[in-house]
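Trainee: I'd like to work through this one with you, a question at a time. Let's have it on the screen.

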Amino acid sequence: MVEPEDQLYATPDDLARHARAPVIVCKLLFAAADGHRGSVRAIRSSDKDEEVVRQRRAVIWAAKFHTSASLPEIGRALNRDHSAVQRSLEETKILWLADPDFRDMCERIARRGARKWEARCGASI
């Protein structure tokens with residue numbers, strides 16, 4: 001029996017196994033989605049909704065600057081290739097400089113993802 005896609009990534013650990021991506025990047029993704037699987041699915045999709053794109057970019061920023069994940073690893077977590085992650089990162093830098101609310105979102109995601117990581121592993125990112 002084929003599992004529904006939501007069942008493949010009900011948790012960050014499940015998504016990491018499914019996507020062959022670092023768990024910490026998946027934790028950031030779940031932090032951005034506030035743990036809602038529907039939101040995780042939207043962020044990983046090709047959805048162009050402005051809020052979904054902002055969340056996706058915030059995850060990319062947090063993963064790039066708060067983890068040691070490579071662009072291909074970040075891309076696997078987000079269902080993107082490394083060149084899409086690179087392009088998004090370039091656009092995210094502009095948004096980071098121009099939008100204080102976006103900066104706050106990025107930092108919140110990084111803190112929430114890191115806190116969950118530290119609580120589980122006793123390590124700091």
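Trainee: Leaving aside its neighbours within four places in sequence, which residues is Thr92 in contact with?

Mentor: Some ground rules come along: this is a predicted model, where local features need pLDDT of at least 70 and side-chain atom pairs count only at pLDDT 80 or more, while totals for chains, interfaces and linings use all residues. Residues are numbered from 1 along each chain as its sequence is written, and side-chain values use heavy atoms, with hydrogens and water left out. Contact means heavy atoms within 4.5 Å. With neighbours within four places in sequence set aside, the contacts of Thr92 are Arg57, Trp61 and Phe102.

Trainee: Is Thr92 buried or exposed?

Mentor: Thr92 is found in helix α7; helices here are DSSP runs (H or I, at least four residues), numbered from the N terminus. Buried means under 20% relative accessible area, exposed over 50%, and partly exposed in between, with a 1.4 Å probe and protein chains only. The relative accessible area of Thr92 is 0%, so Thr92 is buried.

Trainee: Trp61 was among those contacts. How many aromatic pairs does a search of the whole structure find?

Mentor: Rings of Phe, Tyr and Trp (its six-membered ring) pair if their centres lie within 6.5 Å; planes under 30 degrees apart count as stacked, over 60 as edge-to-face and the rest as tilted. On that basis, the number of aromatic pairs found in the whole structure is two.

Trainee: What kind of pair do the rings of Trp61 and Phe65 make?

Mentor: Their ring centres are 5.5 Å apart. Their planes meet at 45°, so the pair is tilted.

Trainee: Where do Trp61 and Phe65 lie?

Mentor: They are four residues apart, about one turn of the helix. Trp61 counts as buried because its relative accessibility is 8%, whereas Phe65, at 43%, counts as partly exposed. Both lie in residues 50–66, that is, helix α5.

Trainee: Which residue forms a stacked aromatic pair with Trp61?

Mentor: The ring centres of this pair are 4.3 Å apart, with 15° between the planes. The partner lies in helix α7 (residues 82–98) and Trp61 in α5, so the pair ties together parts that are 35 residues apart in sequence. At 21% relative accessibility, the partner counts as partly exposed. It is Trp96.

Trainee: At what angle do α5 and α6 pack?

Mentor: Axes are lines fitted to C-alpha atoms, for helices over the stretch in contact, and angles run from 0 to 180 degrees between N-to-C directions. Helix α6 covers residues 71–78, and its axis is 10 Å from that of α5. The angle is about 145°.

Trainee: Which residues of α6 make that contact?

Mentor: On the α5 side are Arg56, Val59, Ile60, Ala63 and Lys64. By class, the contact has six nonpolar, no polar and two charged residues; Ala, Val, Leu, Ile, Met, Phe, Trp, Tyr, Cys and Pro count as nonpolar, Asp, Glu, Lys and Arg as charged, and the others, Gly among them, as polar. The α6 side is Leu71, Ile74 and Leu78.

Trainee: Within what arc do the buried residues of α6 fall?

Mentor: Those buried in α6 are Leu71, Ile74, Gly75, Ala77 and Leu78. The arc is that of the directions from the helix axis to the C-beta atoms. Seen down the axis of α6, they line one face of the helix, because they fall within an arc of 160°.

Trainee: Which helices do the buried residues of α6 pack against?

Mentor: One of the partners is α5, the helix with the contact we just went through. The full list is α2 (12–19), α3 (23–32), α4 (37–44), α5 and α7.

Trainee: Leaving aside its neighbours within four places in sequence, which residues is Ile109 in contact with?

Mentor: Ile109 lies in helix α8 (residues 100–121). Its relative accessibility is 0%, so Ile109 counts as buried. The C-alpha atoms of Ile109 and Ala31 are separated by 5.6 Å, although the two are 78 residues apart along the chain. With the sequence neighbours set aside, the contacts of Ile109 are Leu28, Ala31, Ala32, Ala58 and Ala62.

Key: Helices (H or I, at least four residues) and strands (E, at least two) are DSSP runs, numbered from the N terminus.
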